[in-house]
Amino acid sequence: MPDSTINAANAPRQEESSDSLLRLIADSVPALMAYFDLPEMRCRFANQGYAAYNGHSTESILDLTVQEAIGDKAWYAIQPYVERSMRGEHVKYTREQTLPNGESRMIEVNLIPHFDGRARQLGSFVLITDITERWRAERTVRQSEERMRKFTEATDEAIVFHRDGIITDGNDALTRLTGFALHEVIGLSIFNFISPEWRSVALDYTRSGREDPYEVTIRHKDGHAIPVEVVGKTMPEQHADYRIVVVRDITARKQAQEREAFIALHDALTQLPNRHFLMEQLSQVLSLARRRQGRAAVLFVNLDHFKTVNDSLGHHVVVLTDVQSPDDAAMVADKLLASMHDVFTVDQLPLTMSPSIGISIYPEDGDTSDALLRCADAAMQHAKSSGRGNRQFYRSDIMDGSAMEVLQQERLLREAIASNAFVLHYQPQLRLADGTLQGFEALVRWRHPERGLVGPDEFIGFSESRGLITPIGRWVMREACRQLKAWQDAGLAMVPVAVNLSAIEFRQRDVAAEIAAVLHDTGLAPQYLEIELTESVLMHQTGQVLDTLNALKSLGVGVSIDDFGTGYSSLAYLKRYPIDKLKIDRSFVMDTPGNADDVAIVTAIIQMGRSLQLKTVAEGVETQAQIDLLAGLGCDLMQGFALSEPMDVPSAERWLRGGAKA
């Protein structure tokens, strides 16, 4: 066979061998390689790394466009670079790539245009190198340098370098802290700048090579002292170790600590010593009195009718030392009473004050601070109940019992609330014109474990003062509505029930929302519920009062003024607020018709109610003569013992079934 024939036959094998060698080399290098031709930028070659990196094999990636090979997201990110390469530009760029496992890698991409012998571009080579490790190392260096630069520029901590105490360098914060320029301190001993009283401490710290924080005082260039926190670190070198000292100004911290110590012993508003300070001082006074076998006294001072000031600023306590006899304490108390009865001027307004003072004596009334304060407080309460504006010594025979009674009363009342130990009695309200039933007033009773049924006058006020009125009021509201609905379902009483609401309940609760919920839960129609309020509620001319009353009227609930005429002389609220009824207080009814003044008052109230289109209800009606008078004056409704006393549920049901006119 001719050589030419042999060469021709060997040519395909040589080309195939060349391609295999090229493939072997391309797949062996760590870089990712590919070739895309023009004009469509279709893949004509890719090594295994490039193909696998983009989720293909070396065969499946062939003839795919760049966008098809790498996906839309990556294509949109690199499209501008590819277009530059298609225009014959050698493009080099770096890009962060997120692998399917979530790892971030940094790659360097080279797009190298390929030209033929006539300078026509045929395509572009793609060469991708993973530079993650180099990128991370460079980034770490850059970040470290940036942190150091920012630290040296911005830190408020002074940094000092010294060898054997001789300053060799420092940062700008050092000059700001000390007031010295850097050239003024280099070559000087670092200990020269420490206050003399702290110098030995600093020397011992440095010589022992300690590296824990400690506090000293340094001197500024102008001479003033600066409290600082210091931390030293020994840095080893071949020839001689040196120390780096970080100095932090702790002036603000010291001031805050001093402020905290002051506030702990003083009132934040008045800057006067507080109870904690008092207890410390009182303990010292008592210790001295014990050693000397002497006496001391505590005076508990309360400003009468000054509840807001007392509650916000607290009660004043006077501690007397070296008391020879109770007469000494009495004399001081009398002087305080006399001085505080003078007229004080506040914002050009004259004010007078009346203090009540309770006195306890050591050791007769107690031998501890707490005991003496407790006894003085009890004596002060006794002074208030004895007419105010006076002093009282503590007496265990009459004061311990009252305090225990209060605690016992509160305990029993809390137990009653927990067990619902209450019951409602119902007193009917009749129309004067024809004697028909117009409604009931629900009156709460406490089933006292020792005294039996107790009326509201004996525990409602106490409940308000101890913060217990809310759960009682809620129970009364729900029970009254439930009971009236039960009577209505039995065909007994298609009339409203009136429930008293205290001023505290009205101001502290969302009354309208709670009443709406009770009506919904019990099924009682709103027109069958009336709320009785005292005049004191309406004296607070606030938007909250008007909003609540309007909300009640929107529900369809009636509003009555209870005990009308006993509270305030201003009657402007009668026009301002949506009110339905005025209940004439029993104190004006009980002496009619014999008392002409009371008759005149009742007449005026009835006429005023008529002119304002308000119904009037007379309370405490007990005689036929009173009924006749009220009927003649045009009063609308009445209630009282002449008609019926308040009845429990069984009695009220018998009364209703017995022929009550509805």
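These legends describe four close-up views of a predicted model.

**View 1. The hairpin formed by strands β1 and β2.** Strand β1 covers residues 32-37 and strand β2 covers residues 42-46. The two strands run antiparallel and are joined by four bridges. One pairing to look for is that of tyrosine 35, whose bridge partner in β2 is phenylalanine 45. Four residues lie between the strands of this hairpin. In the turn, methionine 41 has a positive phi of about 55°.

**View 2. Helix α12, residues 326-340.** The helix has 15 residues, which at 1.5 Å a residue should span 21 Å. Its end C-alpha atoms are 21 Å apart, so the expected span and the model agree. The buried residues of α12 are Ala329, Ala330, Ala333, Leu337 and Met340. These residues lie on the same side of α12 because they cover an arc of only 100° around the axis. Asp327 and Lys335 are exposed, and they sit on the face of α12 turned away from its buried side.

**View 3. The largest cavity.** The structure holds one cavity of 30 Å³ or more. The space in the largest cavity comes to about 260 Å³. Its lining is made of 21 residues, and those nearest the centre are Val160, Ile190, Ile194, Val245 and Val247. Two or more lining residues come from each of the strands β6 (158-163), β8 (214-219) and β10 (242-249), and from each of the helices α6 (172-178) and α8 (196-207). Sorted by class, the lining of this cavity has 17 nonpolar, three polar and one charged residues.

**View 4. The largest pocket.** The volume of this pocket is about 1,000 Å³. It is lined by 36 residues, of which Leu443, Pro456, Asp457, Asn500 and Asp562 are the closest to its centre. The strands that give two or more residues to the lining are β18 (437-448), β20 (497-500), β21 (529-534) and β22 (558-564). The helices that do so are α15 (460-465), α16 (469-489) and α17 (503-508). Strand β18 gives the most to the lining of the largest pocket, with five residues. By class, 15 residues of the pocket lining are nonpolar, nine are polar and twelve are charged.

Methods:
Residues are numbered from 1 along each chain as its sequence is written. This is a predicted model: local features need pLDDT of at least 70, side-chain atom pairs count only at pLDDT 80 or more; totals for chains, interfaces and linings use all residues. Side-chain values use heavy atoms; hydrogens and water are left out. The expected span of a helix is 1.5 Å times one less than its number of residues. Buried means under 20% relative accessible area, exposed over 50%, partly exposed in between (1.4 Å probe, protein chains only). The arc is that of the directions from the helix axis to the C-beta atoms. On a 1 Å grid over the protein atoms alone, a cavity is a set of points where a 1.4 Å probe fits but cannot get out, and a pocket is an open set with protein on both sides within 12 Å along at least five of seven lines; lining residues have an atom within 4 Å of a point. Grid points are joined across faces, edges and corners, and a volume is the space filled by probe spheres set on the points. Ala, Val, Leu, Ile, Met, Phe, Trp, Tyr, Cys and Pro count as nonpolar, Asp, Glu, Lys and Arg as charged, and the others, Gly among them, as polar. Two strands pair if DSSP finds at least two bridges between them.
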